[in-house]
Amino acid sequence: MDKITNRTVVCISSIDWDPLWTRKQQVMSRLPASCPILYVEPPITLLSPLKDRALRRRWLNWRGQLRRLPDRENIYLLTPPPVLPFGNKFRPVNRINQRWLLLFIRRAMRRLGLQNPLLWVYLPGSVDLVDALPHELLIYDCVDEHSAYTGLINRRVVLDMERELMGKCNLVFVTAPGLYEAKKGWARRIYYLPNAADVAHFGRAAAPETPLAPEMQGLPRPVLGFVGAIQDWIDLDLLARTARAYPQGSMVLIGPVGAGVDVSELAALPNVHLLGRRDKEVLPSYMKGFDVCLNPFKINELTDRVSPLKFYEYLATGKPVVSVDMPGVRDFAGVIEIAATPGEFVAAVGRALEQDTPQRRQQRLELARQHSWDSRVRFMVEKIEELL
C-alpha cells in the first residue's frame, strides 16, 4: 500500500456510518491510517420523516455536521442537511441536490485541509457532483442494481446517471456477476469483487470462550437465525412458512425493520423472536446460538445482481447456511444448502440440521477465510496503485 499512503480520500456513501456496517465502512476502515478520509453520509430528503419517523430528529438538525471517529482518528464523518425529494426521478432535481451537497463537502475539505483526493462514490446521482470536485482518481464501487429499487425513482434516470458516472471513472468495482455483465461496457476498467466478511470477528461465534447472548439462552431448538436489515427485498412470507414448519423450534431475526415493512404476520407467530438491531460487536454471541443461518431474499432483478453480505458473515461462523437460489451464492453449493422454491427451502433447513458435521463446519470456516475484507481491500488498493 505504499503508493496510497498519505493520500486523502473523500467517500460519498449510500449509508450512514452507524449502526449497520456494510461494505462501505469495512473498506474505509481498512485503508491506511495515514490516509485522512472524509466519509459523506447520504442526505435524507425533506419528505423522509414522513416515511420514517426515526429520521425526524435528523431533519430538524438541518446543519451539516462534521465529526471525527474516536476509534479511527483518520476518519471524519459529514452528515449533510436534507435535500429535495425526487432526485432519482428527475435529473434537474438531482443536479440541484448535488450542488447543495457540494457546498458542504467543500467546506469540510477546507476545514480538514484535504486536496485532490481519491474520490470514492457509491451512488449514481454523484455523477452531477464529481466534475466540480477536483480529484486524483474517481472510483465507483457499485454494490447494487440501483435502478431496481422500489420507491420514488425513475429507472431510466438512474441508469442514465450510472452509465454517465461510469464513463467518467478511472476505476469501477461491482459486487455481483449480474452487475458485471450488465455494466462491463460502460467503464474503462471494471472488476468483479464480491462482498466478504470480517472473518476474525464473526469467527468468534465458533469459539468456545464466546458467551451466548442472554436472549438466546433457553430458546427451543432448532434455532433458525437471520441477521440484517429487514427491508422489502427480504421474503417475509418465506420466513413465516419456515417458522410454521418448525413450531417446536425458534426463529430469531436480528436487525432493524425498514420503514413501511409489515412484519405483523411474523410477529404473531409464537416461535418467532424479532429482536431488533444489535451492535455489531455483540452479533457473534447471538449467532453462536443459531443452528441454521437463513438467507431469505426475494428473487427479482435487485437480488439477482447482489452479493449478499450476510451470507459471508454466516460462513465465517461455521454454522449451516440455507439460501434461496441466487447467483451470489451458487459458487458455494458444496458447503451450503440452496433452494429454488419455498418448499425446497423448508426441506433444505431439515437437511442442514441433519447433515451438519464438524468436517462441514471446518469447510465453511476455511472457505470464509478466503473471502475476508482484508483480501478485498488489498485487491482494491492494488488496482488503485496501478493508476497512481
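In this predicted model, glutamate 164 and arginine 91 form a salt bridge, with 3.0 Å between the closest N and O atoms. Glutamate 164 belongs to helix 6 and arginine 91 to helix 4, so the pair ties together parts of the chain that are 73 residues apart in sequence. The two partners differ in their surroundings: glutamate 164 is partly exposed, at 34% relative accessibility, whereas arginine 91 is buried, at 14%. As a reminder of the underlying chemistry, side chains of opposite charge can pair when their charged atoms come close.

Helix 6 contributes to another pairing of this kind. Glutamate 162 forms a salt bridge with lysine 183, and here the closest N and O atoms are 2.7 Å apart. Because glutamate 162 lies in helix 6 and lysine 183 in helix 7 (residues 177-183), this bridge ties together parts that are 21 residues apart in sequence. Glutamate 162 and lysine 183 are both buried. The two residues also take part in a network of salt bridges, in which they are linked with Glu145, Arg155, Glu301 and Arg305. In total, 27 salt bridges are counted in the model.

A further example joins two residues with consecutive numbers, glutamate 281 and lysine 280, whose closest N and O atoms are 3.1 Å apart in their salt bridge. Glutamate 281 is partly exposed, with a relative accessible area of 43%, and lysine 280 is partly exposed as well, with a value of 25%.

Helix 4, which holds arginine 91, is worth following along its length. The helix covers residues 91-112, and its 22 residues should span 32 Å at 1.5 Å a residue; the C-alpha atoms at its ends are 31 Å apart, which agrees with that expectation. Its buried residues are Arg91, Val93, Asn94, Asn97, Gln98, Leu101, Leu102, Phe104, Ile105, Ala108 and Met109. These buried residues pack against four strands, namely strand 1 (9-12), strand 2 (37-40), strand 3 (65-68) and strand 4 (75-79), and against two helices, helix 5 (127-130) and helix 6 (155-168). Just after helix 4 comes glycine 113, which takes a positive phi of about 70°.

At the other end of helix 4, phenylalanine 90 sits in the loop that runs between strand 4 and helix 4. Phenylalanine 90 is partly exposed, with a relative accessible area of 45%. Together with Leu47, Phe86 and Leu152, this phenylalanine forms a nonpolar patch on the surface, and the four residues have about 330 Å² of accessible area together.

Two of the strands that pack against helix 4 can be described through individual residues. Strand 4 includes threonine 79, a buried residue with a relative accessible area of 9%. The side chain of threonine 79 makes a polar contact with the side chain of glutamate 41 at 2.7 Å, and another with the side chain of arginine 67, also given as 2.7 Å. Strand 1, in turn, includes valine 9, which counts as buried at 0% relative accessibility. With neighbours within four places in sequence left aside, valine 9 is in contact with Met28, Leu31, Pro36, Ile37, Leu38, Pro117, Leu118 and Trp120. As for the wider layout of the chain, the C-alpha atom of valine 9 is separated by 45 Å from that of alanine 243, a residue 234 places away along the chain.

Later in the sequence, aspartate 291 occupies the loop between helix 11 (283-287) and strand 12 (292-295). Aspartate 291 is buried, its relative accessible area being 18%, which falls under the 20% limit used for buried residues. Its side chain makes a polar contact with the side chain of arginine 221 at 3.0 Å. The side chain of aspartate 291 also reaches the backbone nitrogen of valine 223, at 2.6 Å. When residues up to four places away in sequence are not counted, aspartate 291 touches Arg221, Pro222, Val223, Pro320 and Leu353.

Methods:
Residues are numbered from 1 along each chain as its sequence is written. This is a predicted model: local features need pLDDT of at least 70, side-chain atom pairs count only at pLDDT 80 or more; totals for chains, interfaces and linings use all residues. Side-chain values use heavy atoms; hydrogens and water are left out. The expected span of a helix is 1.5 Å times one less than its number of residues. Buried means under 20% relative accessible area, exposed over 50%, partly exposed in between (1.4 Å probe, protein chains only). Contact means heavy atoms within 4.5 Å. A polar contact is a pair of N or O atoms within 3.5 Å; within protein, one must be able to donate a hydrogen and the other to accept it, and residues adjacent in sequence count only if both atoms are side-chain atoms. Patches are made of residues with over 30% relative accessible area and no salt bridge: like charges are joined within 9 Å, nonpolar side chains (Val, Leu, Ile, Met, Phe, Trp, Tyr) within 5 Å. Accessible areas come from the Shrake-Rupley method with a 1.4 Å probe; for residues, only the protein chains shown count as cover. A salt bridge is a side-chain nitrogen of Lys or Arg within 4 Å of a carboxyl oxygen of Asp or Glu.
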